[in-house]
Amino acid sequence: MEYIYAAMILHTTDKEINEENVSKILEAAGVDVDEARVKALIAALEDVDIEEAMESSALSAAPVAAAPAAPAADAAPAEEAEEEEDEEEAEEEAAAGLGALFG
């Protein structure tokens, strides 16, 4: 996912999306860069209108529920784990539309 995010950052900052720039962003984020994945990303994005893909992904993504209030001090650890899982699922659903970038 971080490879796609790197491309999105480059796009939103009006920088060229190329292997060198994607690798720099990933390295700055502390990611071990896989050059094959970078090349595959660049090839996959060659004929993609990223702006259009981002707009359509945002429109098709399910609305994300507001973050729940902090749990009460006496909440059970199992309840906290369930809340974290629910938040992770909501984040995954919202990001699912980003798959359209390869699409």
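What is the handedness of the crossing of α2 and α3? It is right-handed. I will come back to that pair of helices, but the overall layout comes first. Please keep in mind throughout that this is a predicted model.

The chain has 103 residues, and 21% of them count as buried. It contains five helices and zero strands. Read from the N terminus, the order of elements is therefore simply α-α-α-α-α. As for contacts, take those between residues at least 6 apart in sequence: 61% of them join residues at least 24 apart.

Now the core. The largest nonpolar core has twelve residues. Going along the chain, these are Y3, I4, A6, A7, M8, L10, V22, L26, V38, L41, L45 and I50. Three helices each supply at least two residues of this core, namely α1 (2-12), α2 (19-28) and α3 (35-44). Which helix gives the largest share? That is α1, with six residues. If you look at the buried residues of α1, you find Y3, I4, A6, A7, M8 and L10, and those names also appear in the core list.

Back to α2 and α3. Two packed helices are described by the angle between their axes and the distance between the axes. Here the axes of α2 and α3 come within 10 Å and cross at roughly 130°. That angle makes α2 oblique to α3, because an angle has to be over 145 degrees to count as roughly antiparallel. On the α2 side, the residues in contact are E19, V22, S23 and L26. They meet E35, V38, K39, L41 and I42 in α3. Among these, V22, L26, V38 and L41 are also members of the largest nonpolar core.

Next, charged pairs. How many salt bridges does a search of the whole structure find? One. The partners are the side chains of E20 and K24, with an N to O distance of 3.3 Å. An α-helix has 3.6 residues a turn, so residues three or four places apart point the same way. In this case E20 and K24 are four residues apart in helix α2, which means about one helical turn between them. As for solvent, E20 is exposed, with a relative accessible area of 51%. K24 has 49% and is classed as partly exposed. The two labels differ because the line for exposed is drawn at over 50%.

One backbone detail deserves a slide. Most residues other than glycine have a negative phi, and most peptide bonds are trans. D14 is a residue other than glycine with a positive phi, near 60°. Where does D14 sit? In the loop between α1 and α2, just after α1. Is the residue buried or exposed? D14 counts as exposed, at 72% relative accessibility.

Last, a pair of residues brought together from separate parts of the sequence. E51 is found in helix α4, which covers residues 50-60. E51 and H11 are 40 residues apart in sequence, and their C-alpha atoms are 8.1 Å apart in space. E51 itself is partly exposed, with a relative accessible area of 38%. Its sequence neighbour I50 belongs to the largest nonpolar core.

To recap: the largest nonpolar core takes six of its residues from α1, α2 and α3 cross at roughly 130°, and E20 and K24 form a salt bridge. That is what I have; questions are welcome.

How values were computed. Residues numbered from 1 in each chain as written. Predicted model: local features only at pLDDT ≥ 70, side-chain atom pairs only at ≥ 80, totals over all residues. Heavy atoms only, no water. Core = buried A, V, L, I, M, F, W, Y, C linked by side-chain atoms within 4.5 Å. Buried < 20%, exposed > 50% of the residue type's maximum accessible area, 1.4 Å probe, protein only. Salt bridge = Lys/Arg side-chain N within 4 Å of Asp/Glu carboxyl O. Axes fitted to C-alpha atoms, helices over the stretch in contact; angles between N-to-C directions. Parallel < 35°, antiparallel > 145°, perpendicular 65-115°, else oblique. Left-handed = near helix turned anticlockwise from the far one by under 90°. Contact = heavy atoms within 4.5 Å.
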